[in-house]
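User: I am new to reading protein models, and I would like to work through this one slowly. Could you take my questions in turn and show how each answer is reached?

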Amino acid sequence: MAFAFVALVILSFVGAEGWSVWQARQDCLDSARVTTINMTRALTQHANDTIQAADIALVGVVEALENDGMDEAAKPNIKTLLQRTVVRFPALNTVSIYDSQGRGLATSRTVITGKFAIPRREYFRYHASHGDATAHVSEPVRSVTSGQWVLPVSRRINHPDGSFAGVAVATIEIDYFAQYQNTFDIGSNGAILLMMDNGTVIVRRPYDPALIGADLSKGRLYRAYLRTGEQGSTVLTAVLDGKERLYNYQRLADYPVIVSSALAVDDVLAHWREDKQRTTAIEAVVLAVLCVVGYRLIRLIDERERAQEELRQAKAALEVTNKTLERLSLQDALTGLGNRRLFDTALAEEFARAVRGGTSLALLLIDVDCFKRYNDEYGHPAGDACLRQIGDALLRTGSRPGDVAVRYGGEELAVLLPDTDEAGAIAMGERFRIAIHALEMLHVGSPIGMVTVSVGAAACGPGLDSSSAQSLVDAADTALYTAKEGGRNQVRAAAPRITNC
Ligand SMILES: Nc1nc2c(ncn2[C@@H]2O[C@H](COP(=O)(O)OP(=O)(O)OP(=O)(O)O)[C@@H](O)[C@H]2O)c(=O)[nH]1
């Protein structure tokens, strides 16, 4: 029972613990998901605003060029316009103008490090072949004017007749995005990614220049993006570093760029794990105390129940012993009949019952005839044996269950007969006398040579006064005396005065 209790407590604890661990893990991941959603939103807004700033700058530049022309005379003004534009939009690295052949016409930069021409650039070829007047965001490239990694945003410049006049390009330093990414707390294993919507990396945190321009279109995150659409969340193990992360991603509304932020599952759960270890240790101690106390308590209850059971058994044994002792204390050891004590108690009870119930009560006093001579002739032990046989005969000679047969004293026996009148008492006395005579025990000292008894019978009926019990005994004794006087071996009733009382 105590072990069952301990097992039950431990099982309940483990079950509840398992459920709460799962629940707490889910809660942590849910709140991390909200964090990544908010981060992604801020990063998306920032990327959108930055590209939009470049686009707005280009709109002004292209408008001015298309209105004022791009000939040699306009060049100084163009340069000033470009430099002012860069100053107005701090996100911009450079704003440059290229002619229809891809040759550099003007740039906001004062120093040009590379070859100032872009005929092979993807965006140049795009604008040369597309007449649309929208901004074009290209994959990151190394700037031809500064050599830095930049994100080009470009617009087509048209001649008045709508033919291709060249390209205006505003570049945003990749570092500008990287610095903004660094303002977020993503733990030691989180990640932020800005990529083209074809899977080409613009910049990633942790920063790695080797990753700029890398193709992640085969990656799991990109595949998740393709599956779910413009935005979503997912838990993935990154191919780049093998870390399991909770990702949130979103495509910019106006530009072909995707932003993703991610927190490592290990980082997310680290705090919780620390707390969990602490609380689990405390819970384990409490559980252990509970088990020990509960175990001891149940052992004590068991022991108490055992002690109570032993006590119950001892009490039952005692009751049996008491009953035996009580029976023995009321029994005559020689004849097995009741003893004088039993007679006195039974007489008082039966007499009271007869008074209460208005019934009759009879008493027989039975005395062995010439027993002194029997003893003298056959010896005292033989006398004892004779008395035993007489006792047996009394018990055998069908008295009613309520009758009480006792050894009244010495060789004198008595039988109390409830609800019996004088006639009944005489009849019963006769039956006893005959039964004893029928034993045919030799007695040379007796007038008829056999053991016989004399019986004195007395009875009393309704209207008794309760002090008359002794009168009944006296009457039976007198009757017995009369039987002896009358020659023994006979039944005599008491004088009418007694029996009709
Ligand atoms: N063996 C034996 N004898 C007993 C016992 N109790 C009484 N006696 C004897 O019974 C005898 C009774 O003798 P008495 O009272 O003189 O009467 P009786 O010889 O029977 O003569 P009557 O009663 O007149 O017929 C005595 O000798 C007692 O010793 C007993 O338990 N065992």
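Analyst: The questions and answers below go from the whole chain to single residues, and the model they discuss is predicted.

User: How many helices and strands are there in the protein chain?
Analyst: Before turning to the elements, it helps to know that the chain has 501 residues, of which 36% are buried. Among contacts with a separation of 6 or more, 63% are between residues 24 or more positions apart. As for the elements themselves, the protein chain has twelve helices and 16 strands.

User: What distance separates the end C-alpha atoms of residues 297–331?
Analyst: An unreviewed UniProt entry lists residues 297–331 as "coiled-coil region". In the model, this stretch of the chain is 94% helix and 0% strand. The C-alpha atoms at its two ends are apart by 50 Å.

User: Which elements give two or more residues to the shell around the ligand?
Analyst: The ligand is surrounded by 16 residues, and the closest are Phe371, Lys372, Gly383, Gly410 and Glu411. Looking for elements that supply two or more residues to this shell, one finds a strand and two helices, namely β12 (361–368), α8 (371–378) and α9 (380–396).

User: How many residues of the shell around the ligand are charged?
Analyst: Sorting the shell by class, one finds four nonpolar residues and four polar residues. The remaining class in the shell around the ligand is the charged one, and its count is eight.

User: What word describes how α8 lies relative to α9?
Analyst: Two packed helices are described by the angle between their axes and the distance between the axes. For α8 and α9 the axes are 6 Å apart and the packing angle is about 130 degrees. Because this angle falls between 115 and 145 degrees, outside the ranges for roughly perpendicular and roughly antiparallel, the arrangement of α8 to α9 is called oblique.

User: How many charged residues are in the contact of α8 with α9?
Analyst: On the α8 side the residues are Phe371, Tyr374, Asn375 and Tyr378, and they meet His380, Ala382, Gly383 and Cys386 in α9. By class, this contact of α8 with α9 has five nonpolar and three polar residues, and the number of charged residues is zero, given as no charged residues.

User: Is Cys370 buried or exposed?
Analyst: Cys370 sits in the loop between β12 and α8, and its phi is near 50 degrees, which is a positive value in a residue other than glycine. Most residues other than glycine have a negative phi. For burial, the cut-off is 20 or more other C-beta atoms within 10 Å, and because Cys370 has 20 such neighbours, Cys370 is buried.

User: How many C-beta neighbours inside 10 Å does Asn489 have?
Analyst: Asn489 lies in the loop between α11 (469–485) and β16 (491–493), and it has a positive phi of about 50 degrees although it is not a glycine. Asn489 counts as buried, and its number of C-beta neighbours inside 10 Å is 21.

User: Which two residues does the cis peptide bond with omega of about 5 degrees join?
Analyst: Most peptide bonds are trans. Here a cis peptide bond has an omega of about 5 degrees, and one of its residues, Pro206, is in the loop between β8 (201–205) and α5 (220–228). The residues joined by this cis bond are Arg205 and Pro206.

User: How far apart are the C-alpha atoms of Val355 and Gly461?
Analyst: Val355 belongs to helix α7 (residues 340–357), and it is partly exposed, with 18 other C-beta atoms within 10 Å. Although Val355 and Gly461 are 106 residues apart along the chain, their C-alpha atoms are separated by 8.5 Å.

User: Which residues does Asp197 touch, not counting residues up to four places away in sequence?
Analyst: Asp197 is in the loop between β7 (191–196) and β8, where it is partly exposed, with 17 other C-beta atoms within 10 Å. Its C-alpha atom is separated by 9.8 Å from that of Glu139, 58 residues apart along the chain. Not counting residues up to four places away in sequence, Asp197 touches Arg251, Pro256, Val257 and Ile258.

Terms used. Residues numbered from 1 in each chain as written. Predicted model: local features only at pLDDT ≥ 70, side-chain atom pairs only at ≥ 80, totals over all residues. Near = placed C-beta within 6 Å. Helix = DSSP H or I, 4+ residues; strand = E, 2+ residues; numbered from the N terminus. Nonpolar A, V, L, I, M, F, W, Y, C, P; charged D, E, K, R; others polar. UniProt positions renumbered as here; feature names shortened; annotations may be inferred. Buried ≥ 20, exposed ≤ 12 C-beta atoms within 10 Å, placed from the backbone. Contact = placed C-beta atoms within 7 Å. Axes fitted to C-alpha atoms, helices over the stretch in contact; angles between N-to-C directions. Parallel < 35°, antiparallel > 145°, perpendicular 65-115°, else oblique.
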